[in-house]
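Here is my note on the structure, point by point. Please read it with the coordinates open.

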Amino acid sequence: MTTDAATGATGRRLLVAWFAGTAFAGAAMLFWIQPLFAKMVLPVLGGSPAVWNTAMVFFQAALLAGYAYAHLLARLRHPFQVIIHFGCLGLAALALPFNASEAWVPDAAYAPALWLLGLMAMVIGAPFFAVSATAPLTLRWFSRSRHPNASDPYFLYAASNVGSIVVLLAFPFVLEPALGVRTQASAWAFGFAVLAACVVGCGAIVWNGPAGPGAAPTRRSPAPVARERLAWIAYSAVPSGLLLGVTGHISTDIASAPLLWVVPLVLYLLGFVNAFARRPLLRLGPAARGMAWALVLLAVVLPWREPAVVFLPLHLLVFFIVAAACHLELARRRPSPEFLTEYFLCVSLGGLVGGAFVAILAPLMFDAILEYPLALVLAAALLPGRSPGIKIADAVIAAIILATIVGGATLFIWLDWPQPVFVVACVYGILGAFALSRQVRPVGFALCILAFVTAGLAQPWQDSDTVWRGRSFFGVYRVTDSVDPPMRSLMHGTTDHGGQSSGPDGPRPTTYHTPASPVARTFAATQALTEHQRVGIVGLGSGAMAYYRRESDRWRYFEIDPLVVWLAVESGYFQMIPRHDPDPTIIVGDARLTLAEEPDRSFDLLIMEAFSSDAIPTHLLTREAVALYLRKLADDGVLLLHISNRILDLEPVVAAVTTDLGCAAVIARSADPGRDADPTYAPSEWVAVAADRATLDILGADWSPLEPAGAEYVWRDDHASLVQVVRWTGR
């Protein structure tokens with residue numbers, strides 16, 4: 001009997017290991033394909049955070065389809081479920097290995113979000129759909145087993161999310177540096193085959209069920225009512241929307257580093273792991289109390305962005321607490337196993353609703369990242385474990401908060417009084433205490449959070465230098481005016497994309513493009529060689545470099561965002577490019593695609609201005625890309641790369657790529673000449689590349705050779721890692 005008991009215990013452990021391993025592998029496959037395919041489409045859509053957010057919406061929609069399929073499949077007899085799903089996996093395998101570069105490539109410039117969704121559906125839709133059904137099916141099938149925990153199989157969902165976290169962290173630090181995208185796609189196809197065998201094995205193990213307590217043939221609990229289904233959707237929609245909202249906020253307004261995109265997603269998944277674990281480390285009660293305090297704190301400081309070292313961790317911490325609390329409430333409301341697939345279908349639907357609002361609707365509705373504060377307000381309305389309803393006192397306190405902040409700030413500014421930090425902190429502390437007193441009624445508490453958010457947006461000192469704000473798929477733009485020094489700038493998130501200052505001779509370029517900059521000296525040196533210079537510029541910005549164009553020159557701009565073209569030419573905010581000037585020509589689209597259509601040897605000077613943002617388009621700096629640029633240069637032409645960047649050190653990449661191509665390269669690191677000389681000047685780094693060193697000698701003595709870099713820094717279309725060039729210690 002002892003031997004039988006030991007054998008039974010071993011069998012139960014092996015059963016759990018098999019199902020947990022399958023759930024783990026399925027989630028890992030899903031979260032491996034997400035950044036992998038997003039990387040594949042960069043040659044068309046560049047490095048915008050919106051690429052990731054839009055891709056996330058597709059994954060959420062495909063996940064919903066997979067969960068709906070699992071829910072319908074679970075209504076059939078078990079043998080039919082296994083057979084049909086085996087066929088589904090087999091059909092999906094026909095699409096492997098996937099390759100985005102071989103897909104149909106339309107013009108993505110004018111409807112990039114819809115184009116990206118269509119491309120993903122066509123290339124990876126079938127395998128993603130098949131794999132996405134893994135979690136609900138393995139949990140449902142486990143509930144048919146003889147295992148003692150079959151009546152509560154939700155702990156397997158925690159194992160599933162652990163798999164997501166592991167591969168999500170492994171991608172930038174292990175998979176991306178070691179393997180090219182095509183190699184990874186082939187490896188993913190192999191993993192798909194292994195996963196298919198494991199999933200079918202799960203179904204075969206319980207082929208003859210039910211036999212356990214989790215598989216009783218009659219229902220032991222009533223069916224969920226509509227209100228309960230709506231709660232499942234709501235408690236999954238808010239964290240999903242908040243996930244993309246906080247990603248957009250920290251990427252646009254604090255630090256636009258692509259590596260930060262993965263951090264909120266890991267925290268989001270950790271919330272699921274904790275909520276569905278057998279013994280959660282964070283319980284619902286403490287999480288709900290912490291959520292209330294965290295929302296008040298963040299609502300108070302939301303208007304401030306500096307210093308990033310303080311506010312970035314704060315945003316991430318609050319997001320984790322809110323997501324963890326919502327997921328705990330979601331787990332508390334989970335139904336018995338016979339309704340498991342319906343439950344996960346509603347959870348997936350909520351994730352899609354929240355993600356689609358932030359990634360698809362918000363850019364069309366708002367000209368700023370307003371979806372993030374709105375998600376905070378909705379989170380406050382879902383504060384778990386509290387009383388329903390609202391009282392007049394809730395609205396009164398919310399009105400007091402709004403009037404005190406806006407009225408007090410306006411009065412201090414009108415009277416030109418200083419604002420003592422201690423007094424301001426005390427006022428906000430009292431108002432925060434008022435808000436926390438309303439947390440027992442979530443709707444009233446949400447009104448108080450809305451008051452803080454509205455006051456922050458209405459404060460007269462916020463964005464006082466902004467004269468225009470707009471938004472496109474590629475980001476949020478601001479046109480700003482400053483008094484000291486006097487100039488107008490184009491800001492993309494936190495990155496300056498050039499501008500102009502006014503003078504007696506008309507507008508002059510500022511920051512990286514002033515007459516003292518390396519690019520100005522390059523124009524002077526190369527224009528001395530010809531009266532009719534042919535210039536190509538990738539990245540329009542504010543159009544500041546048009547200051548150096550002569551009437552006899554032929555210029556062609558390549559810009560991916562139509563909104564930037566409007567700002568630089570049609571809006572009237574910048575005057576470097578005359579509004580009705582037929583030359584230069586501006587070509588809208590990704591530079592890799594549009595430059596490829598230009599005749600070879602058609603430029604005397606080709607300037608790449610696409611790397612100053614921290615979310616750089618890596619596909620524009622690969623070996624294949626630089627080889628394309630060199631083909632478009634005249635025999636004595638010069639390629640100029642602007643590599644100034646706060647987050648990434650791109651010099652080793654350029655050095656390695658140019659060495660591998662056998663061409664010459666020199667760098668100019670401009671120093672600040674001093675505020676008295678030119679207060680609008682900003683230091684910058686430029687690399688000049690040519691077929692031979694003699695061509696670069698005309699640039700003068702300010703240019704020096706690049707530091708040698710190893711072959712591991714050679715980026716290719718198939719393999720490029722940002723981790724190796726991150727400035728981990730800052731500049």
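1. Helix α18 (residues 518–527) is a good place to start in this predicted model. Helix α18 lies across β6, β7 (554–559), β9, β10 (633–642), β11 (664–669) and β12 (685–690). Its axis runs at about 175° to β9.

2. A second helix packs on part of that set. Helix α22 (residues 651–661) lies across β10, β11 and β12. Its angle to β11 is about 160°.

3. Now the sheet itself. Eight strands make up an open sheet with mixed pairing. The order is β8-β7-β6-β9-β10-β12-β11-β13. The edges are β8 (585–588) and β13 (704–705); each has a single partner strand, so one side of each is left without a neighbour in the sheet.

4. One pairing deserves a look. Strand β6 (residues 534–538) and strand β9 (residues 603–608) run in the parallel sense, joined over four bridges. G536 stands opposite L606 in β9.

5. Helix α18 also takes part in a salt bridge. Its residue R521 pairs with D702, in the loop between α23 (693–696) and β13. The N to O distance is 3.3 Å. The two residues are 181 apart in the chain. D702 counts as exposed because its relative accessibility is 51%, over the 50% cut-off. R521, at 26%, counts as partly exposed.

6. How buried or exposed are R471 and E371? R471 is buried, with a relative accessible area of 17%. E371 is buried too, at 3%. Both values fall under 20%, so both residues meet the criterion for buried. Their side chains meet in a salt bridge at 2.6 Å, N to O. R471 sits in strand β1 (residues 466–472) and E371 in helix α14 (residues 371–381), 100 residues apart.

7. R334 and D152 form a further salt bridge, with the closest N and O atoms 3.4 Å apart. This pair links distant parts of the chain, 182 residues apart. R334 is in the loop between α12 (308–332) and α13 (340–365). D152 is in the loop between α6 (134–142) and α7 (155–178). Both residues count as partly exposed: R334 at 31%, D152 at 34%.

8. For the overall tally, the structure holds 16 salt bridges. Some are joined up: E228, E329, R332 and R333 are linked in a network of salt bridges. Side chains of opposite charge can pair when their charged atoms come close.

Notes:
Residues are numbered from 1 along each chain as its sequence is written. This is a predicted model: local features need pLDDT of at least 70, side-chain atom pairs count only at pLDDT 80 or more; totals for chains, interfaces and linings use all residues. Side-chain values use heavy atoms; hydrogens and water are left out. Two strands pair if DSSP finds at least two bridges between them. Contact means heavy atoms within 4.5 Å. Axes are lines fitted to C-alpha atoms, for helices over the stretch in contact, and angles run from 0 to 180 degrees between N-to-C directions. A salt bridge is a side-chain nitrogen of Lys or Arg within 4 Å of a carboxyl oxygen of Asp or Glu. Buried means under 20% relative accessible area, exposed over 50%, partly exposed in between (1.4 Å probe, protein chains only).
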